Every structure is written in C-alpha cells, then in structure tokens.
Amino acid sequence: MQKKLAIAILNWNGRNWLEKFLPGVVQFSQNADIFVIDNLSTDDSIEFLQKNFPTVSIIKNDKNYGFAGGYNEGLKAIPNEYYCLLNSDVEVTENWIEPALELLEKDLSISAVQPKILSYHNRNYFEFAGAAGGLIDNLGYPYCRGRVFDDLEEDKGQHNDETEIFWASGCCFFIRSKDFWEQNGFDARFFAHQEEIDLCWRLINSGKKIYYTGKASVYHVGGGTLNKQSATKTFLNIRNNLSMMLKNLPFPQLIWLIFFRLCLDGVAGIYFGLKHGFPHLWAVVRAHFGFYGQLPGTWKLRQKHQKNDFYQSKWLIFRHFLGGK
C-alpha cells in the first residue's frame, strides 16, 4: 500500500554512501516508501541495491541529469503526497520524519520543511549545507541560521525551535509533491547548487511558506560530489545565484542589484584566484558568461509577482567580512 511519504535519494556512483547510510534510512523510515533515483551510475550501485535492499525501489534515469534534472526526472515516477529529498551522504536519526510531517499536515500554506542539519564529522556543530534553515540577504547572498558563509556555530540548543525560513536545504527537505510540480520542479538548467533556493523563492513568491523544525536532526557528510574547494562548484554557485535573482527579484531592485553583484563577483574572483588558484578566477568569468547565455530563458521564467520584503538581513557580506559580525 502506498504511503503518504516517499523518501527519494539521488545517486550517481555513490555505492559507498548507500552502503554506509541507507541501512539507517530503512531502519528509521518504516512509515515511508524509499526510492533511489540513479543518474546512470557506472559503478555497481544498482547491483548492490538489488542484492541488499529488496524493499527499496530503484528508478533508473537514462543519463546523468545532475541534481536538479535528476530529481525532476526521477520524481515523475513517484506518486506519493509528500517527498523527502535526501542526500545519499546523510545519516538520519530516530524520529527524523514525524516533526516535518506534522508541520505539513497542520498548515496547508507550508510547502517545505527542513530538519536541523549537523556535521557528520564534527557532530556538535551545524553543517554548511542548510544548518538550522536557510535565509537570504538584500544582495541575494544565501546564509543559514547557524552558518554565515564559512563560519559555523556550535549546536547548543539555540535553534531547537520551529520557525519560518527562506529556503530549505536540498541536503534534506520535505515538500508537498503538488507544490513541487506546480512550480515545475527544479530549474534543470542549474544542474546542481542553489536549485533548492530558487524553488523555495518561487514558492514564497506564490504565497507559500518554508519552515524549519529543530525537533528532528540529521548528520551530513558534505562534499560527496563536489568539495568546497572545487572550481566547478564556484562556477555553479555564481552562475545559478545570478540566474535565480534575475528570475525572482522584484523589478525595482533587479537592475541595480544584478549590476552590483556582477561587480562584487569580480572582486570575489580576484580573491578566489589568489587564495585557491587561477581555475577559481576563471570559474567566476565562466559563470558570468553562463549567466548571460541563460538570460533570455531565465527572463521568460519570471513569475507575475515578486515579494519586495524577500530578505532577512542587509549587507551581510560587508558586515561579516569587514565588520566582523
């Protein structure tokens, strides 16, 4: 019998992650259907799943669509009322599902819910990819409760609440399937990185809410596909962030903010080049040209309405790096 919740784990050559973390997902997810969406892996992921996890359903994509497109393709075959999108390098805990479902059940205006995301390797600290819920500043820089840029907070119970946030991390979040498809899912052009922020922004512009619950926790390894120092990650983050802003910003702020961000990216490119090497500087240049190439299609995807009060903080980059906040 189909259950309300489907847990969907996207996999690409991640047999080792599945072996390590899927047993816990099965153990603590008795009230959910579990699916692995495979992005045409070339390792033995499929054979491993078929042999060791007969209760886990396998969806085989015909190519590697990336994170955004991979979920879009795979979720088409999953009819459940709610999705939980879960990275393969996440350790779940007992009672990690119920608090999110309770929020979704009691308030129909809530589209997505994220649990507390802690570091697998440094378990008393929040993890980079989501921490205690995503926010955004007036310049379009994403950050989190519990994480500002690369600075992480120790978890001392300060974020054990349940509260509205701006974006839920693609590392682990629950979403109504109806709302996911009403927004046509992720923007597949993003491939990976910030596609979940774009989706949440679109949901908020359409009048929905995104929530965080500190009543459930998961532990994320991070960097399972691209580590933090990857030039490809730099390229994807900058290109996708610019396209996301063009799609979702209210028009009065759009022109000056995009121009200002392009200038700040130039400064960041020099900094990245000096700190991490020329490939990161070149990644910023490529990201800008990638943004220009996507611009006509991005403009067509702008919604009819954008919220003016989209941000939770002002001038975060200057207050953090120059002011030490």
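**Exercise 1. Which residues is D151 in contact with, leaving aside its neighbours within four places in sequence?**

Before the solution, note that this is a predicted model, in which local features need pLDDT of at least 70 and side-chain atom pairs count only at pLDDT 80 or more, while totals for chains, interfaces and linings use all residues. Residues are numbered from 1 along each chain as its sequence is written, and side-chain values use heavy atoms, with hydrogens and water left out.

*Solution.* Begin with the place of D151, which is in strand 10 (residues 151-152); strands (E, at least two residues) and helices (H or I, at least four) are DSSP runs, numbered from the N terminus. Next apply the contact rule, heavy atoms within 4.5 Å, and, with neighbours within four places in sequence set aside, D151 is found to touch G146 and H320. Then consider the cover of D151: its relative accessibility is 47%, and therefore D151 counts as partly exposed, given that buried means under 20% relative accessible area, exposed over 50%, and partly exposed in between (1.4 Å probe, protein chains only). Finally, compare D151 with K300, which is 149 residues away in sequence and 36 Å away in space, C-alpha to C-alpha.

**Exercise 2. Describe the surroundings of Q183 and G185 in their loop.**

*Solution.* First locate the two residues: Q183 is in the loop between helix 5 (177-182) and helix 6 (195-205), and G185 lies in the loop between helix 5 and helix 6. Second, decide on their cover: Q183 counts as buried because its relative accessibility is 12%, and G185 is buried because its relative accessible area is 1%. Third, list the contacts, not counting residues up to four places away in sequence: Q183 touches L199, R202, L203, S206 and Q303. For G185, leaving aside neighbours within four places, the partners are N72, F180, L199 and R202.

**Exercise 3. How many residues of helix 3 are buried, and what do they pack against?**

*Solution.* Helix 3 spans residues 66-75, and 9 of its 10 residues are buried. Among them are F67, Y71 and L75. The buried residues of helix 3 pack against strand 1 (5-11), strand 2 (32-38), strand 3 (57-60) and strand 4 (82-86), and also against helix 5 and helix 6.

**Exercise 4. How many disulfides does a search of the whole structure find?**

*Solution.* The search finds 0 disulfides, where a disulfide is a pair of cysteine sulfur atoms within 2.5 Å. Take C84 as a worked case: the closest cysteine sulfur, in C172, is 4.4 Å from the sulfur of C84, and this is too far for a bond. C171 is likewise in no disulfide, since the nearest cysteine sulfur, that of C172, is 6.0 Å away. As for cover, C84 counts as buried at 0% relative accessibility, and C171 counts as buried at 3%.

**Exercise 5. Assess the chain as a whole.**

*Solution.* Start with the elements, of which there are 10 helices and 13 strands in the chain. Turn next to the overall dimensions: the C-alpha trace spans about 55 × 40 × 40 Å along its principal axes. For 325 residues, a compact globule would have a radius of gyration near 20 Å, and the chain, with 19 Å, agrees; this radius is taken over C-alpha atoms, and the globule rule is 2.2 Å times the number of residues to the power 0.38. Lastly, examine the packing: buried residues make up 56% of the 325 residues, and among contacts between residues at least 6 apart in sequence, 77% join residues at least 24 apart.
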